[in-house]
Amino acid sequence: MQLPLPPASVVTVPAQAQAPSFSPDEFRDALGMFATGVTIVTARAADGTLVGLTANSFNSVSLTPPLVLWSLARSSGSMPALDTGSHYAINILAANQRELAERFAQKRADRWIDVTFAEGLGGAPLLDGAVASFECFNRSRYDEGDHVIFVGEVERCSMRVGASPLLFHGGRFYTEHPL
């Protein structure tokens with residue numbers, strides 16, 4: 001015997017999101033409560049120039065195929081090289097690489113001085129000492145808000161077992177895990 005279903009409720013779906021009830025600073029502060037690892041995304045521009053920037057917007061997307069994503073402000077000086085290049089590397093930093101994270105977060109012409117690396121696919125630098133690296137084909141890009149979301153298809157990856165990562169939370173770097 002099948003019981004009758006209750007009457008369906010009518011749900012009205014809005015056509016767009018409501019205006020935010022918070023300031024950009026409040027939004028940034030709330031996002032900062034999500035603890036992340038710290039990466040430096042690296043590439044080699046068509047003219048051979050090295051490109052690198054600190055990012056904590058890294059995430060996995062898929063295991064099959066192996067896909068990762070990260071995002072970059074559309075206004076970034078690195079955008080032209082990363083938007084048109086075929087490859088980039090995502091280097092997850094170790095706890096002892098805080099200075100490197102700070103250096104690549106700033107607009108500095110000398111950010112590559114004394115940085116040791118191996119050349120990865122498409123010339124993308126693989127930073128010495130990183131806890132993991134992902135060598136990515138620049139598969140797709142999505143414009144959203146003031147950023148571009150990059151999806152990379154991982155062609156090679158490596159990691160250092162037992163290495164401690166650099167963490168970022170609440171606008172600060174952490175080199176130890178208070179667990």
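How many aromatic pairs does a search of the whole structure find? In this predicted model, the search finds 8 aromatic pairs. The legends below describe close-up views of selected features.

**Figure 1. The aromatic pair of Trp 112 and Phe 117.** The rings of Trp 112 and Phe 117 are arranged edge-to-face, with a distance of 5.5 Å centre to centre and an angle of 70 degrees between the planes. Trp 112 counts as buried because its relative accessible area is 16%, under the 20% limit. Phe 117 is partly exposed, having a relative accessible area of 30%.

**Figure 2. An aromatic cluster formed by Trp 70, Tyr 88 and Phe 150.** These residues, namely Trp 70, Tyr 88 and Phe 150, belong to one aromatic cluster. Tyr 88 is also among the residues that line the largest cavity, which is the subject of the next view.

**Figure 3. The largest cavity and its lining.** The structure holds 1 cavity of 30 Å³ or more, and the space in the largest cavity amounts to about 30 Å³. Its lining consists of Ala 43, Arg 44, Ala 81, Leu 82, Gly 85, His 87, Tyr 88 and Asn 138. Two or more lining residues come from each of the elements β2 (39-44), α2 (79-84) and β6 (87-92). Sorted by class, the lining comprises 4 nonpolar, 3 polar and 1 charged residues.

**Figure 4. The salt bridge between Glu 119 and Arg 44.** The closest N and O atoms of Glu 119 and Arg 44 are 3.5 Å apart. Glu 119 belongs to strand β7 and Arg 44 to strand β2, so this salt bridge ties together parts of the chain that are 75 residues apart in sequence. Glu 119 is exposed, with a relative accessible area of 54%, whereas Arg 44 is partly exposed at 27%. Arg 44 also contributes to the lining of the largest cavity. In total, the structure holds 8 salt bridges.

**Figure 5. The salt bridge between Arg 141 and Asp 83.** In this pair, the closest N and O atoms of Arg 141 and Asp 83 are 3.0 Å apart. The contact links distant parts of the chain, with Arg 141 in strand β9 (residues 132-144) and Asp 83 in helix α2, 58 residues apart. Arg 141 is partly exposed, with a relative accessible area of 35%, and Asp 83 likewise counts as partly exposed, at 31% relative accessibility.

**Figure 6. A salt bridge within helix α3, between Arg 103 and Glu 99.** The closest N and O atoms of Arg 103 and Glu 99 are 3.2 Å apart. Both residues lie in helix α3, where they are 4 residues apart, about one turn of the helix. Arg 103 counts as buried at 12% relative accessibility, while Glu 99 counts as partly exposed at 44%.

**Figure 7. Backbone features at Pro 65 and Asp 114.** Most residues other than glycine have a negative phi, and most peptide bonds are trans. The peptide bond from Thr 64 to Pro 65 is cis, with omega near -5 degrees. Pro 65 is located in the loop between β4 (59-62) and β5 (67-73). Asp 114, although not a glycine, has a positive phi of about 65 degrees. Asp 114 is located in the loop between α3 (98-105) and β7 (117-119), and this residue is exposed, with a relative accessible area of 74%.

How values were computed: Residues are numbered from 1 along each chain as its sequence is written. This is a predicted model: local features need pLDDT of at least 70, side-chain atom pairs count only at pLDDT 80 or more; totals for chains, interfaces and linings use all residues. Side-chain values use heavy atoms; hydrogens and water are left out. Rings of Phe, Tyr and Trp (its six-membered ring) pair if their centres lie within 6.5 Å; planes under 30 degrees apart count as stacked, over 60 as edge-to-face and the rest as tilted. Buried means under 20% relative accessible area, exposed over 50%, partly exposed in between (1.4 Å probe, protein chains only). On a 1 Å grid over the protein atoms alone, a cavity is a set of points where a 1.4 Å probe fits but cannot get out, and a pocket is an open set with protein on both sides within 12 Å along at least five of seven lines; lining residues have an atom within 4 Å of a point. Grid points are joined across faces, edges and corners, and a volume is the space filled by probe spheres set on the points. Ala, Val, Leu, Ile, Met, Phe, Trp, Tyr, Cys and Pro count as nonpolar, Asp, Glu, Lys and Arg as charged, and the others, Gly among them, as polar. A salt bridge is a side-chain nitrogen of Lys or Arg within 4 Å of a carboxyl oxygen of Asp or Glu.
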